[in-house]
2 protein chains.
Amino acid sequence: MGEDEREEVFDFDSFHEKRTEELTELLDKRDMKQLRDRMEELNDYDVADFLAQIEDNRMPMVFRLLSKETAAAVFANFEAPEQERIINSITDSELSGIVEELYLDDAVDMLEEMPANVVKRVMRTARPDTRKLINEFLRYPDNSAGSIMTAEFVDLKKYMNVRESFARIRRIGEDKETIYVCFVISADRKLEGIVTVKDLLLADDDTVIEDLMETDIIYASTTEDQESVSEKFSNYDLMALPVVDNESRLVGIVTVDDIIDVMEQETTEDFEIMAGMTPSDKPYSRTSTVEMWKNRIPWLMFLMLSATFTSMILTSFESMLAVQAGLVAFIPMLMGTGGNSGAQASTAVIRSLSLGDTEPKDALKVMWKEWKVSLLCGISLAIINFIKMLILDGWLLKNDSVTILVAATVSLSIVFIVMFAKVVGCTLPILAEKIGVDPAVMANPLISTVTDAVSLLIYIYVAKLILHI
Amino acid sequence: MGEDEREEVFDFDSFHEKRTEELTELLDKRDMKQLRDRMEELNDYDVADFLAQIEDNRMPMVFRLLSKETAAAVFANFEAPEQERIINSITDSELSGIVEELYLDDAVDMLEEMPANVVKRVMRTARPDTRKLINEFLRYPDNSAGSIMTAEFVDLKKYMNVRESFARIRRIGEDKETIYVCFVISADRKLEGIVTVKDLLLADDDTVIEDLMETDIIYASTTEDQESVSEKFSNYDLMALPVVDNESRLVGIVTVDDIIDVMEQETTEDFEIMAGMTPSDKPYSRTSTVEMWKNRIPWLMFLMLSATFTSMILTSFESMLAVQAGLVAFIPMLMGTGGNSGAQASTAVIRSLSLGDTEPKDALKVMWKEWKVSLLCGISLAIINFIKMLILDGWLLKNDSVTILVAATVSLSIVFIVMFAKVVGCTLPILAEKIGVDPAVMANPLISTVTDAVSLLIYIYVAKLILHI
């Protein structure tokens, strides 16, 4: 495809910007009819994006131009602040209209982020059956399959034929999150099979669902963790996953677009935990200063206090280090190298565990591999450091305290420190997984505090050995 | 849903294990007919999982029991080592059958991981038109939309009506990656619109596609980065995304199941970069010791050598620190606190940038927020540290060098160090994004090297100020 090397003619981003500009122009000209027509044509996400950018006082007014269906779809694409602003500026009957149009999972997501008074008003305006469902869904534990599922799915019976199934899909499909995967249930709502629209389209009109449905069903239970749900989507390439209660009754489905959000959320959580922060569902831009302080201070405090051990070690060997003062200068480098080596090993293993590539039973294999890698890394670093210390510190910077023996002490310490850091770095996450703790907790900050103290001890004992101090 | 609090009756994992056991039993009993029938019933992923677990010499034999369609689907679910083993133990005509059955993107994925001799054999056995397509697809840049797309999609013409469209879907749909999103193209293959099977099902049989199709199309260009493709899936909740060349001709589609893999791959890459490793496409379990050494040593080496600055600072203030020897003991704690504070800020900002929540233009807003957070964190840490030093180090551990002035020096240094680390930690990733470098590079290891040196300088100047040394 030689053409691809030429400059691109189409630019998606600038194309989109131009559309936003066009909408802004129509708004400035107060050409509301044109504006409404354009908004109805565009993608819900783009309309939400446009509305979020216009000033607070005009936004609800523009939002109210939308048809009920578009309004609900755009509303689902808003972030919490915009949703709250809209709710606070529309009438009860408009609110009720939107809530009824929303998919149940979007309604539940929204309510989880709203202040109590808004939740009350939404529940008051909702229809009784919707209110009951919302209440049920709100009660599932955070991050469970139940909390992310939706109730809008197509259910079929196994005695239906293809023609009847299509008729049912046509009748009830409009408001369903997906019509492409249909769920076959018994009279008491037990899940019996799955049939896709592709199967239906490729079959004869008279084929009975029972002969067509897949009975080897991949499903989740309502209380199952969303991370395990997203693993099933990734392994089995699913479009939708049925969620059953503990009596095997179908209560909802999770669709793949929700899983993409779950994956983003879980990844963010891992990043936060690995950097020593309390995970939070809120995006950075909407987290207040005090919330950020609350998320960050616990680990900072804990790690600062843990460093007391390192201080105590340093204090107790103060006199020894004073004999050969040049040694102190290399402590930060040694600790840094230990911390970085450990972080590499722990990050690699944590990621491998979370992708299911490594399992706790592989512990010995992983440790053996890390041991070999650490030997290679330690020796390479030691050689370069030895040369660097003699040439740069000793010869060019004329630091008299850097003798061949001091350079040997530091270099040999590097080998042991890297080996210790890498083996601890790979072991702690596996141990955590084994005892059911999130391995991400065992990441960089914690490991570097451990390696700091041990690095120092290694350095001191190597110095005693080589320098006889 | 009170039932959910009771213990769960169904256990998906043990259910699956039991099925694997059943297959193993059939294999041990050499009941090949039963085994084949069960494998044909099960999910492709589970069959691949089962085959990967049986010994090398029996595996290809069991694989050959499968029907051509199942064999291809199972093959696509294998990791590279199993794929290679299969290719090396089947005949040319069997290989050709599998390659023709595979979706083009799976075939291309496989070839990217195979050694040259295997690639040669696969290409030799492929049909000429397949070979031509594979060659074309292999030429797209790594991680571009072109490299992850597939050529198996349903195309319609805008003058067709719904009845004709369904006839075409029924005729060609069997082998397509998705039939639910159909792509409307002109005679010269330019993309004109998108229509879903849902639209088709809910419309009258005589409706013409042109009146039904969505023309506000979200698409990608062949050379577009896969990260930007996955952002479109996440924003617009897509099932499939058309990929066009620079003359607007439809050349392929990306489906949502591929995006889940892309997201996992991109996340792994971010984790690796942030822990100072060269990102690699290979899972941990399949990366050799030497490859791991190659991925890890560059940053370790660079960071070790950068620590020379810190050593030089320590050396030049050696005499000053010797006057008040107790000061040295707190250097690791100060550097650690600086590094952890910086890592928190940089991780939060990097994640926020990659989710599109923060943009480079928000730099000042982010810095202002981090400045406030760092003030809160710094002061809290300083207060606790001051009390801890006086009570634990001074009083309980009877460390005479810890006076009120020394405690004040360390505590005041903490405030400045945390503030410096957080502001640098949030600024570097934004700067990187601005100049088009991956912000993840500016993560933990690099920032901690910078904060190490600066923390030390801050400590020394605060000591000069308070202790007059």
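This passage describes how two chains of a predicted model are arranged, how they touch, and how two of their sheets are built.

The relation between the chains is a good place to start. Chain B can be superposed on chain A by a rotation of 180°, with 0.0 Å of shift along the axis, and the fit has an RMSD of 0.1 Å. That is the relation of a two-fold axis. Both copies use the same surface for the contact, as 99% of the contact residues of chain B recur in chain A.

The contact itself can be described by its residues and its area. Chain B contributes 136 residues, and chain A contributes 134 residues. Together, the two chains bury about 12,300 Å² between them, and carbon and sulfur atoms account for 62% of that area. Polar interactions also cross the interface: 46 residue pairs are in polar contact between chain B and chain A, counting pairs with both residues at pLDDT 80 or more. On the side of chain B that touches chain A, the residues divide into 66 nonpolar, 34 polar and 36 charged.

Salt bridges can be followed both across the interface and within a chain. Between chain B and chain A the count is 2, while the structure holds 48 over all chains. Across the interface, the side chain of Arg296(B) meets that of Glu370(A) in a salt bridge, at 2.8 Å from N to O. Within chain A, a salt bridge links the side chains of Glu136(A) and Lys132(A), with an N to O distance of 3.9 Å. These two residues, Glu136(A) and Lys132(A), both belong to helix 10 of chain A, which covers residues 128–138. They sit 4 residues apart in that helix, about one turn.

Attention now turns to the sheets. Strands of a sheet pair through backbone hydrogen bonds, and they may do so in parallel or antiparallel fashion. In chain A, 3 strands form an open sheet in the order 1-2-3, with mixed pairing. Its edges are strand 1 (155–156) and strand 3 (191–196) of chain A, each of which pairs on one side only. Strand 2 of chain A, residues 181–185, runs antiparallel to strand 3 of chain A, and 5 bridges join the two. Here Phe183(A) stands opposite Ile194(A), a residue of strand 3 of chain A.

A sheet in chain B can be read in a similar way. It is an open sheet of 3 strands in the order 4-5-6, and the pairing is mixed. Strand 4 (220–221) and strand 6 (250–255) of chain B form the edges, each pairing on one side only. Strand 4 of chain B runs parallel to strand 5 of chain B, residues 240–244, and 2 bridges join them. Ser221(B) has Val244(B), in strand 5 of chain B, as its bridge partner.

Notes. Residues numbered from 1 in each chain as written. Chains lettered and ligands numbered in written order. Predicted model: local features only at pLDDT ≥ 70, side-chain atom pairs only at ≥ 80, totals over all residues. Heavy atoms only, no water. Least-squares fit on C-alpha atoms with pLDDT ≥ 70 in both. Contact = heavy atoms within 4.5 Å. Pairing = 2+ DSSP bridges. Buried area = accessible area lost by both parts, 1.4 Å probe. Salt bridge = Lys/Arg side-chain N within 4 Å of Asp/Glu carboxyl O. Polar contact = N/O pair within 3.5 Å; in protein donor to acceptor, adjacent residues only side chain to side chain. Nonpolar A, V, L, I, M, F, W, Y, C, P; charged D, E, K, R; others polar.
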